[in-house]
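Trainee: I should like to learn how to read the features of a structure that is new to me. May we take them one at a time?

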Amino acid sequence: MSGPFDLNRWKPGPLLPPRDARDGALVFVVAVLCFLACLTALAALAANRAADGWSAQLSGSATVVVRAKAGETPDSAAARAAETLAGVKGVSQAQALTKDKAEALLEPWIGRDALVADLPTPRLVTLDLDPKAPASAEALTKALHEAAVDAVVDDHSRWIADIERGAGLARWAALGVFGLIAAAAAAVITFATRAGLAARHEVIEVLHLSGAEAGFIAKLFQNRFAAMAASAGLLGGAAAVIVGVTARLAGGGAGLTPVLPLAWIDLLAPLPCPLIAALVAGLAARAAALRLLRDMP
Amino acid sequence: MPVVRFEGVSMRYGRGPETLRDVGFSLAPGSFHFLTGASGAGKSSLLKLIYLAHRASRGRVELFGRDISLVHAGDLPFLRRRIGVVFQEFRLLEHLSVFDNAALPLRIAGRKPNTYRDDVAELLHWVGLGERMHALPATLSGGEKQRLAIARAVVDRPDVLLADEPTGNVDPAMSLRLLRLFVELNRLGTTVLIATHDEELVARAARPVLHLEHGRLIEPGEAE
């Protein structure tokens with residue numbers, strides 16, 4: 001440095017030596033971990049959205065299997081059921097399927113040849129329910145009973161429960177993977193902090209012998225690694241967003257695929273990544289530094 | 001009450017032999033002592049026990065009236081701040097400027113930069129480093145490093161100043177100048193203990209001497 005020393009412009013220099021070559025490798029590893037964590041979060045959101053979509057579709061409709069009573073044709077029984085159900089509160093539309101359609105639905109199971117004309121094929125009535133206040137299976141059954149229609153109502157609740165269970169499982173799995181990645185990041189940071197402490201042992205010892213408290217020294221490492229992880233988190237999060245945008249654009253309006261839909265708003269999920277990475281790294285570095293300082297006299 | 005008191009103190013590194021054996025002495029507040037002895041006699045080890053870089057394997061070490069073995073770990077940093085140390089190998093922070101190195105103890109003590117920068121600059125001028133305040137330690141000569149190490153040790157006006165061969169790398173004129181600095185600090189109340197080989201310095205200062213031989217403290221006139 002040249003020129004006279006200007007006391008008024010002097011600012012204390014950093015107590016830890018500047019970054020070294022190993023720091024670049026650490027940033028890379030943490031950035032990759034952050035990228036994987038963000039992708040996990042995006043996948044979990046997409047799975048959740050898909051499950052919600054399927055549930056909404058299933059809960060917005062119901063199917064009624066109608067059996068004709070003596071002296072009544074299946075078609076007239078179905079028509080009567082549709083008429084009855086159309087008047088129930090919470091039903092938007094009720095439509096009786098024709099014999100052809102009912103047979104077409106059965107064909108994959110029993111084959112065309114078996115559909116003899118006199119086989120009492122049950123008729124189906126499909127219902128579109130009011131999405132805001134859908135009619136319950138009990139209300140539909142009661143209405144059919146009052147109209148003396150022999151029918152069974154299927155409100156798809158069994159399938160909805162399965163889907164919700166599946167979505168819950170996906171959420172927990174994503175959380176588990178996310179936790180594993182965070183733990184791996186913490187382990188990497190801990191290892192790096194120990195290496196950093198070993199490499200800067202001279203500096204630590206001088207600070208220690210000059211009366212620096214363990215918390216003071218640990219804070220230096222905590223801040224150093226938190227800042228490093230924040231920049232790594234920014235890189236990893238940005239990479240995940242780029243992948244998400246690409247998937248969204250490539251998948252058209254429905255997202256990556258209709259099975260795993262990704263909304264634009266989901267792409268905000270990696271936003272807290274730098275903060276979380278900094279928090280995990282800061283805590284891991286602080287704990288590692290304090291543990292090592294505890295062994296000093 | 002002595003500021004430093006040793007009673008039957010022994011010390012060893014790991015499982016090695018004892019480098020200090022049954023050492024006992026005390027330093028009264030404001031006293032000035034030299035610590036002499038051949039290389040390997042245990043001078044640096046004794047200083048390490050005082051500046052709390054090592055623990056005694058036997059015996060009792062008291063600093064400022066407190067038994068070190070009973071002091072809570074959280075209080076040790078505050079005891080260390082009362083002790084200024086000039087290390088034999090300087091132990092300067094190579095990435096910090098001369099000015100930052102000299103100001104380090106004040107910074108660790110939590111002082112605001114504007115409360116000490118003038119004092120640090122004045123001290124650096126006094127030890128002849130006024131023109132090198134920007135410089136990094138790697139660019140300093142051995143003597144300059146020595147003087148910087150001394151400036152760092154005394155900048156926070158410690159109660160006890162320990163110096164391990166502080167004049168080993170400086171010319172006689174600077175050696176005299178540094179001795180005057182130590183005497184001046186001592187006059188202001190700092191207890192001084194200087195480990196040295198420099199017989200001329202010891203003779204010139206005419207202060208009491210603690211003499212170590214093979215890890216034992218030898219009384220004047222006593223031969224092992």
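Mentor: We shall go through the overall form of a chain, its salt bridges, its aromatic pairs and its surface. Please keep in mind that this is a predicted model.

Trainee: Let us begin with chain B. How many helices and strands are there in chain B?

Mentor: Chain B has seven helices and 10 strands. Its radius of gyration is 17 Å, close to the 17 Å that the globule rule gives for 224 residues, so chain B is as compact as a globular protein of that length. The C-alpha trace of chain B spans about 50 × 40 × 35 Å along its principal axes. Of the 224 residues in chain B, 54% are buried.

Trainee: I turn next to charged residues. How many salt bridges does the structure hold over all chains?

Mentor: The general idea is that side chains of opposite charge can pair when their charged atoms come close. Over all chains, the structure holds 19 salt bridges. One of them is formed by the side chains of Glu205(A) and Arg91(B), at 2.7 Å from N to O. Glu205(A) belongs to helix α6 (residues 201-209) of chain A, while Arg91(B) is in the loop between β6 (83-86) and α3 (98-108) of chain B, so this pair joins two chains. Both Glu205(A) and Arg91(B) are buried.

Trainee: Which parts of chain B does the salt bridge between Arg82(B) and Asp159(B) tie together?

Mentor: The side chains of Arg82(B) and Asp159(B) meet at 2.7 Å, N to O. Arg82(B) is in the loop between α2 (76-80) and β6, and Asp159(B) is in the loop between α5 (142-154) and β7 (160-164), so the pair ties together parts of chain B that are 77 residues apart in sequence. Arg82(B) is partly exposed, with a relative accessible area of 35%, and Asp159(B) is partly exposed at 31%.

A further salt bridge links Asp156(B) with Arg111(B), whose closest N and O atoms are 3.7 Å apart. Asp156(B) lies in the loop between α5 and β7 and Arg111(B) in the loop between α3 and α4, so parts of chain B that are 45 residues apart in sequence are tied together. In addition, Arg5(B), Glu7(B), Arg60(B), Glu62(B) and Asp67(B) are joined into one network by salt bridges that share partners.

Trainee: How many aromatic pairs are there over all chains?

Mentor: When aromatic rings pair, one looks at the distance between centres and the angle between planes. The count is six aromatic pairs over all chains. In one of them, the ring centres of Trp10(A) and Tyr116(B) are 6.0 Å apart and the planes stand at 65°, so the pair is edge-to-face. Trp10(A) lies in the segment before α1 of chain A and Tyr116(B) in helix α4 (residues 113-126) of chain B, so this pair also joins two chains. Trp10(A) is buried at 9% relative accessibility, and Tyr116(B) is buried at 1%. Together with Phe99(B), Trp10(A) and Tyr116(B) form one aromatic cluster.

Trainee: Over which ring does the charged end of Arg91(B) sit?

Mentor: The charged end of Arg91(B) sits over the ring of Phe87(B), 5.0 Å from its centre. Likewise, the charged end of Arg177(B) sits over the ring of Trp126(B), 5.1 Å from its centre.

Trainee: Finally, is Phe28(A) buried or exposed?

Mentor: Residues with over 50% relative accessible area count as exposed. Phe28(A) has 57% relative accessibility, so it counts as exposed. Phe28(A) lies in helix α1 (residues 21-59) of chain A. With Val29(A), Val32(A) and Leu36(A), Phe28(A) makes a nonpolar surface patch of about 330 Å².

Key. Residues are numbered from 1 along each chain as its sequence is written. Chains are lettered from A and ligands numbered from 1 in the order in which they are written. This is a predicted model: local features need pLDDT of at least 70, side-chain atom pairs count only at pLDDT 80 or more; totals for chains, interfaces and linings use all residues. Side-chain values use heavy atoms; hydrogens and water are left out. Patches are made of residues with over 30% relative accessible area and no salt bridge: like charges are joined within 9 Å, nonpolar side chains (Val, Leu, Ile, Met, Phe, Trp, Tyr) within 5 Å. Accessible areas come from the Shrake-Rupley method with a 1.4 Å probe; for residues, only the protein chains shown count as cover. A salt bridge is a side-chain nitrogen of Lys or Arg within 4 Å of a carboxyl oxygen of Asp or Glu. Helices (H or I, at least four residues) and strands (E, at least two) are DSSP runs, numbered from the N terminus. Buried means under 20% relative accessible area, exposed over 50%, partly exposed in between (1.4 Å probe, protein chains only). Rings of Phe, Tyr and Trp (its six-membered ring) pair if their centres lie within 6.5 Å; planes under 30 degrees apart count as stacked, over 60 as edge-to-face and the rest as tilted. A charge sits over a ring if NZ of Lys or CZ of Arg is within 6 Å of the ring centre and within 35 degrees of the ring normal. The radius of gyration is taken over C-alpha atoms; the globule rule is 2.2 Å times the number of residues to the power 0.38.
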